[in-house]
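The following paragraphs lead the reader through one protein structure, beginning with a single residue and widening to the chain as a whole. Please keep the sequence and the model in view while reading.

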Amino acid sequence: MCGIFGYCGYRDDAAKIVVAGLKRLDYRGYDSWGVAEASDEKIYLEKKAGKISDVDSITSFPKSGRAIAHTRWATTGAVNDVNAHPHFATDKSFVLAQNGIVENYEDIKATLLKKGYKFLSTTDTEVIVRLIENELKEKKDLLKAIRSAFLQLEGRNTIILITKEGEIIAAR
């Protein structure tokens, strides 16, 4: 399983807060990590293979009160920087991380590939991102698109995403 942390509050060091949260989970032996922060209508993302305990701090991010973070124990895809979560939407409007396994991700991915979607990673999590993008074309509302996509997933899953506007949405 993976670890997910989110922070939405009045402090302006959200990245530092979520990194500290991930470090509390490090004893579980995760193999990669990622932190995403929303500020000024943009998402700042840093993710890497390796242990979060090796990270002193994330200093390249601006001050913000909204961030999400993820530690990964690889179940689909190799352990590398590209497969670390979170994963960006194609238009960079949101990033998403997942805890769980999408048991039907290969079928969903095959359908999305036929529709012209591109994938950078080999994870089931990026399939969720592209599925939400596909649902957005019809639904035109992010919450409805997330719900519709999430209901198509087989397996036990929890997702968290942050938009460039700083909205944090989670589903389980």
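In this predicted model, Q98 has a relative accessible area of 1%. Since the limit for a buried residue is under 20%, Q98 is therefore counted as buried. The residue belongs to strand 6. What does Q98 touch, once residues up to four places away in sequence are set aside? The list consists of C2, I4, H70, H85, D124, T125, I128, N157, T158 and I159. By contrast, Y27, which stands 71 residues from Q98 along the chain, has its C-alpha atom 19 Å from that of Q98.

Strand 6, the strand that holds Q98, also contributes to the largest nonpolar core of the protein. This core has 23 residues, and the members that touch the most others are F94, L96, I132 and L161. Which elements supply at least two residues each to this core? They include strand 6 (94-100) and strand 7 (157-163), together with helix 2 (105-114), helix 3 (124-139) and helix 4 (142-151). L96 may serve as an example of how such a residue is surrounded. Beyond its neighbours within four places in sequence, L96 is in contact with P86, H87, T125, I128, V129, I132, I159, I160 and L161. Apart from the largest core lies another one, made up of 14 residues, among them Y7, V19, V35 and V55. A general tendency provides the background: in soluble globular proteins, nonpolar side chains tend to be buried together.

P86, one of the contacts of L96, deserves a closer look. The peptide bond that joins H85 and P86 is cis, with omega at about 0°. P86 is placed in the loop between strand 4 (66-72) and strand 5 (87-88). H85, the other partner in this cis bond, is among the residues that Q98 touches.

Two further loops contain residues with a notable backbone angle. D40 is not a glycine, yet its phi is positive, at about 55°. D40 sits in the loop that runs between strand 2 (32-39) and strand 3 (42-49). Is D40 buried or exposed? Its relative accessibility is 66%, and the exposed class begins over 50%, so D40 counts as exposed. K140 likewise has a positive phi, of about 60°, without being a glycine. The loop between helix 3 and helix 4 is the place of K140, and with a relative accessible area of 67% K140 is exposed.

Other residues fall into the partly exposed class. D12 is one of them, with a relative accessible area of 41%, and lies in the loop between strand 1 (3-8) and helix 1 (14-25). Leaving out neighbours within four places in sequence, D12 is in contact with K63, S64 and G65. The C-alpha atoms of D12 and R66 are 8.0 Å apart, although the two residues are separated by 54 residues in sequence. K42, in strand 3, is also partly exposed, with a relative accessible area of 45%. With neighbours within four places again left aside, K42 is in contact with E37 and K164. K42 and K92 are 50 residues apart in sequence, and their C-alpha atoms are 8.1 Å apart in space.

The view may now be widened to the whole chain. The protein has four helices and eight strands, which follow one another along the sequence in the pattern β-α-β-β-β-β-β-α-α-α-β-β. The radius of gyration is 15 Å, close to the 16 Å that the globule rule gives for 172 residues, so the protein is as compact as a globular protein of that length. Along the principal axes, its C-alpha atoms fill a box of roughly 40 × 35 × 25 Å. Of the 172 residues, 51% are buried. Among contacts between residues at least 6 apart in sequence, 63% join residues at least 24 apart.

The surface and the charges complete the picture. The accessible surface of the protein comes to about 8800 Å², and carbon and sulfur atoms account for 50% of this area. The protein carries 26 positive and 24 negative charges, and the mean positions of the two sets are 1 Å apart.

Terms used
Residues are numbered from 1 along each chain as its sequence is written. This is a predicted model: local features need pLDDT of at least 70, side-chain atom pairs count only at pLDDT 80 or more; totals for chains, interfaces and linings use all residues. Side-chain values use heavy atoms; hydrogens and water are left out. A nonpolar core is a set of buried Ala, Val, Leu, Ile, Met, Phe, Trp, Tyr and Cys residues joined through side-chain atoms within 4.5 Å. Buried means under 20% relative accessible area, exposed over 50%, partly exposed in between (1.4 Å probe, protein chains only). Contact means heavy atoms within 4.5 Å. The radius of gyration is taken over C-alpha atoms; the globule rule is 2.2 Å times the number of residues to the power 0.38. Accessible areas come from the Shrake-Rupley method with a 1.4 Å probe; for residues, only the protein chains shown count as cover. Lys and Arg count as positive and Asp and Glu as negative; His and the chain ends are not counted. The place of a charge is taken as NZ of Lys, CZ of Arg, CG of Asp or CD of Glu.
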